[in-house]
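Student: I would like to learn how to read a protein model feature by feature, going from a single residue out to the sheets and the ring pairs. Could we work through one together?

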Amino acid sequence: MHIRFDVPADPGYPGRVAAALSSVRLRRYGQVGAVLLVVGAVGFAVSRGSARGEQFSSLWLAMVVGGLLSMLYAPWVRWRARRRSGRYAVEGGYDITDDNIMMRSGSESGGIAWDGVDQVRVTPEFWIVYVGRMPATVIPRGLMSAEDAETLRAFMAARGLLQER
């Protein structure tokens, strides 16, 4: 297998990459926030009906506010990543073989050996490549031909790397 494709200097591309990588790490904030919000709202509603409820109403209200802030943290980080990374748009490309993934961006280049990849998660726009528990890079499916995308998908599936969200 040898797949080669270029990445144009699209100002929105680095932001989409940053958002994809950060969403993986930040998903739990939304989940924890939702739990805090629900527990706080239920606790606040129940405390309003009891005689001693006023003593705990500030605790329940703090849980609701904490839950809302936690749920808003991930979208805020993604927005900032997109805003900051737009100025980093440079032409680059990928060269993917049976042995490794080589990435180049401007005058920089780097690679990841397939032997070091533990899993690949599927998102609507990218394959997110993990080394250990950390996302190491993304492979944009939309920038490669359909045949190359299918070849790479089959290669990763044969190695047992693909993890659906």
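Tutor: Let us start with one residue, keeping in mind that this is a predicted model. Q119 has its place in strand β5, which covers residues 119-122.

Student: Is Q119 buried or exposed, and why does it count that way?

Tutor: Burial is read from relative accessible area, and buried means under 20%. Q119 counts as buried because its relative accessibility is 16%.

Student: Which residues surround Q119 once its neighbours within four places in sequence are left aside?

Tutor: With those neighbours left aside, Q119 is in contact with I128, V129, Y130, L161 and Q163. Within its own strand, there is also a polar contact of 3.4 Å between the side chain of Q119 and the side chain of R121.

Student: In which sheet does β5 take part, and in what order do the strands stand there?

Tutor: The general idea is that strands of a sheet pair through backbone hydrogen bonds, either parallel or antiparallel. Here 4 strands form an open sheet with mixed pairing, in the order β7-β6-β5-β8. The edges are taken by β7 (134-140) and β8 (162-163), each of which has a single partner strand, so one side of each is left without a neighbour in the sheet.

Student: How many bridges join β5 to β6, and what packs on the sheet?

Tutor: Strand β6 (residues 126-131) runs antiparallel to β5 and is joined to it by 4 bridges; in this pairing, R121 stands opposite I128 of β6. Helix α3, made of residues 146-158, packs on the sheet and touches β5, β6, β7 and β8, with its direction making about 30 degrees with that of β6.

Student: What can be said about a residue of that helix, for instance R153?

Tutor: R153 has its place in helix α3 and counts as partly exposed because its relative accessible area is 33%, a value that falls between the cut-offs of 20% for buried and 50% for exposed. Apart from its neighbours within four places in sequence, R153 is in contact with W127 and L162. It also helps to set distance along the chain beside distance in space: R153 and R141 are 12 residues apart in sequence, while their C-alpha atoms are 9.7 Å apart.

Student: Where does R141 lie with respect to the ring of W127?

Tutor: R141 lies over the face of W127, at 5.2 Å from the ring centre.

Student: How many aromatic pairs does the structure hold, and how is the geometry of a pair read?

Tutor: The structure holds 3 aromatic pairs, and the geometry is read from the distance between ring centres together with the angle between the planes. Y73 and W76 form a tilted pair, with 6.2 Å centre to centre and 35 degrees between the planes. These two residues are separated by about one helical turn, because they are 3 residues apart in helix α2 (residues 53-85). Y73 counts as partly exposed at 33% relative accessibility, and W76 is partly exposed as well, with a relative accessible area of 45%.

Student: Why is the pair of W114 and F155 called edge-to-face?

Tutor: The planes of the two rings stand at 70 degrees, with the centres 5.2 Å apart, so the pair of W114 and F155 is edge-to-face. W114 lies in the loop between β4 (108-113) and β5, and F155 lies in helix α3, so this pair ties together parts that are 41 residues apart in sequence. Both W114 and F155 are buried. Elsewhere, ring pairs link Y29, Y73 and W76 into a cluster.

Student: What is the strand order in the sheet that contains β1, and which strands are its edges?

Tutor: That open sheet of 4 strands has antiparallel pairing and the order β1-β2-β3-β4. Its edge strands are β1 (2-7) and β4, each pairing on one side only. On average, and with direction ignored, neighbouring strands of this sheet are turned by 10 degrees against each other. Strands β2 (residues 92-97) and β3 (residues 100-105) pair in the antiparallel sense over 5 bridges, and Y94 has M103 as its bridge partner in β3.

Student: How do the elements run along the whole chain?

Tutor: The protein chain has 3 helices and 8 strands, and from the N terminus on the elements run β-α-α-β-β-β-β-β-β-α-β. Of its 165 residues, 35% count as buried. Among contacts between residues at least 6 apart in sequence, 60% join residues at least 24 apart.

How values were computed. Residues are numbered from 1 along each chain as its sequence is written. This is a predicted model: local features need pLDDT of at least 70, side-chain atom pairs count only at pLDDT 80 or more; totals for chains, interfaces and linings use all residues. Side-chain values use heavy atoms; hydrogens and water are left out. Buried means under 20% relative accessible area, exposed over 50%, partly exposed in between (1.4 Å probe, protein chains only). A polar contact is a pair of N or O atoms within 3.5 Å; within protein, one must be able to donate a hydrogen and the other to accept it, and residues adjacent in sequence count only if both atoms are side-chain atoms. Contact means heavy atoms within 4.5 Å. Two strands pair if DSSP finds at least two bridges between them. Axes are lines fitted to C-alpha atoms, for helices over the stretch in contact, and angles run from 0 to 180 degrees between N-to-C directions. Rings of Phe, Tyr and Trp (its six-membered ring) pair if their centres lie within 6.5 Å; planes under 30 degrees apart count as stacked, over 60 as edge-to-face and the rest as tilted. A charge sits over a ring if NZ of Lys or CZ of Arg is within 6 Å of the ring centre and within 35 degrees of the ring normal.
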